[in-house]
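Hi,

Here is the structure I said I would pass on. Have a look at it first, and then read my notes below.

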Amino acid sequence: MTTTPVDAAAQDTGALDLAARAAALDAADPLAEHAAAFVRDDHVVSYLDGNSLGRPLAALEERFARFIAHDWGSRLIRSWDEGWMRRPFDLGDRIGALVGAGAGQAFVGDSTTVLLYKLVRAAADAQAATGRTEVVIDDDSFPTDRFVVEGVAAERGLEVRWIEVDRSAGVTLEQVEAVVGERTALLLLSHVAYRSGHVADVEGITRAAHDAGALVLWDLCHSAGVIPTELDAWGVDLAAGCTYKYLNGGPGSPAFAYVRDELQSRLSQPIQGWMGAADVFAMGPRFEPAPDLRRFASGTPPVLATVALEAMVELLEQVGVDAVREKSIALTDFAEEALATHVLPLGARLASPPAGPSRGSHLTVTHPAFREVTERLWARGVIPDFRGPDGIRVGLSPLSTTFAEVEAGVAAIGEELRAALA
Ligand SMILES: *Cc1c(COP(=O)(O)O)cnc(C)c1O
């Protein structure tokens, strides 16, 4: 890659403009104050992976201390009656409200993988009675989603129908319409594609699936807390999502699941445990499922792992997802501009949808040298993530990411790519 002095000068001007623009955008940002509410470390120059693991809120030290001293240390098992038993469902209602779900349809517990397994099995079994034996998923879904579907298909004698998607985009309504039919039991699709950041047409695709008599399970891992979502209004049947991404619940914090009201009594999930029983403390001889959402729970909920999540849910309730989305769009558009200035001229390619409603809160940019570039970036405190074979993901977590951080991080990607190519 050769750069003429004229090109280099033009790029420098662009870079100066960008740094000044980033400062101005931060100064005018109505959500700017919240960035300081997260733990920040001088060694982290630019954190661009909030879509994989959100930063911790600084207030957590105090929250954990209070939890240990009071809820756990002093109240001990009395806390189960004083809130812990209800906690997965109370938090579920609050996360539900952030994704457009009325109360009593969402709960927190298990990992996303386990919740997907429970819901895929439950939906497939309910549909088996009507002779529907196919599960539809796209071939670039997050690995765990594909693996769960393959596993359930093998277990229950179902067929997997793969939709082949463009990795720089995502699943379209037309593709779904072409594949669903009288044999379709369930579709499992992601609201936001983990690789490209493509936002699917949840409402249109759900309607198309329903017209064909199928159920739909949406994976909200990359949308919950950052993309306005209307599960009830869009007629969604089932959903599950992570809480450690844009919900900042911390590494391995439990996932949430949504089961539409009228489906709850019709579906049975495969991991029967005492916490899903009609009467938890009856200690009866046979399993009798709870009539409502509680039947989707299995064992003792991971209460400790919900402390950080609750703090972030509070902040999101205060700010509102619409405002978060507005900043997400501004950050993502700015990141695209910064990439066009610093990185794309070096031969990298943007592998995400164009600006607009079908673009989520992260961008993927590809170049064969990016595995090596990512290592160099991490060493200097610039932290995007690498997704094989050749993608760097630039994730923008609106409440904790500043425009200046985006500019510094993307400029560093350009510097390290230039060094790798030298
Ligand atoms: C992050 C992510 C997961 C992770 O599942 P875990 O069980 O929490 O490891 C699953 N699906 C998608 C789409 C994701 O982005």
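What follows is a short tour of the salt bridges, one helix, a buried lysine and a surface patch. Keep in mind that this is a predicted model.

Salt bridges first. There are 28 of them in the structure. The one I would open first joins Asp 29 to Lys 327, with the closest N and O atoms 2.7 Å apart. Asp 29 sits in the loop between H1 and E1 while Lys 327 belongs to helix H10 (residues 321-342), so this pair ties together parts that are 298 residues apart in sequence. Both partners are buried; for Asp 29 the relative accessibility is 11%. Setting aside neighbours within four places in sequence, Asp 29 is in contact with Lys 327 and also with Phe 403. If you want to find the loop quickly, helix H1 covers 5-28 and strand E1 covers 46-47.

Another pair sits within one helix. Arg 121 and Asp 125 meet through their side chains in a salt bridge of 3.4 Å, N to O. They are four residues apart in helix H5, so about one helical turn separates them. Is each partner buried or partly exposed? Arg 121 is buried, at 13% relative accessible area, whereas Asp 125 is partly exposed, at 25%.

Then there is Arg 393 with Asp 385, where the closest N and O atoms are 2.6 Å apart. Arg 393 is buried at 2% relative accessible area, and Asp 385 is buried too, at 4%. There is also a network of salt bridges that links Arg 63, Arg 87, Arg 94, Glu 310, Glu 314 and Glu 317.

While you are in H5 (residues 112-128), look at Lys 118, which lies in this helix. Its relative accessible area is 1%, so Lys 118 counts as buried. What does the side chain of Lys 118 make a polar contact with? The partner is the side chain of Ser 298, at 2.6 Å. Not counting residues up to four places away in sequence, Lys 118 touches several others, including Asp 110, Gln 269, Pro 270 and Phe 296.

Now for H11, residues 370-379. Its buried residues are Phe 370, Val 373, Thr 374 and Leu 377. They span an arc of only 100° around the axis, so they are on the same side of H11. The face turned away from that buried side carries the exposed residues Arg 371, Glu 375 and Ala 379. Which elements cover the buried residues? Among them are strands E10 (362-366), E11 (382-383), E12 (385-387) and E13 (391-395), along with helix H12 (403-421). After H11 comes Gly 381, with a positive phi near 80°.

Last, the surface. Ile 68, Trp 72, Leu 76 and Leu 304 form a nonpolar patch there, with about 400 Å² of accessible area together. Leu 76 is in the loop between helix H2 (60-72) and helix H3 (78-84). Its relative accessible area is 48%, so Leu 76 counts as partly exposed.

Cheers

Key
Residues are numbered from 1 along each chain as its sequence is written. This is a predicted model: local features need pLDDT of at least 70, side-chain atom pairs count only at pLDDT 80 or more; totals for chains, interfaces and linings use all residues. Side-chain values use heavy atoms; hydrogens and water are left out. Patches are made of residues with over 30% relative accessible area and no salt bridge: like charges are joined within 9 Å, nonpolar side chains (Val, Leu, Ile, Met, Phe, Trp, Tyr) within 5 Å. Accessible areas come from the Shrake-Rupley method with a 1.4 Å probe; for residues, only the protein chains shown count as cover. A salt bridge is a side-chain nitrogen of Lys or Arg within 4 Å of a carboxyl oxygen of Asp or Glu. Helices (H or I, at least four residues) and strands (E, at least two) are DSSP runs, numbered from the N terminus. Buried means under 20% relative accessible area, exposed over 50%, partly exposed in between (1.4 Å probe, protein chains only). Contact means heavy atoms within 4.5 Å. The arc is that of the directions from the helix axis to the C-beta atoms. A polar contact is a pair of N or O atoms within 3.5 Å; within protein, one must be able to donate a hydrogen and the other to accept it, and residues adjacent in sequence count only if both atoms are side-chain atoms.
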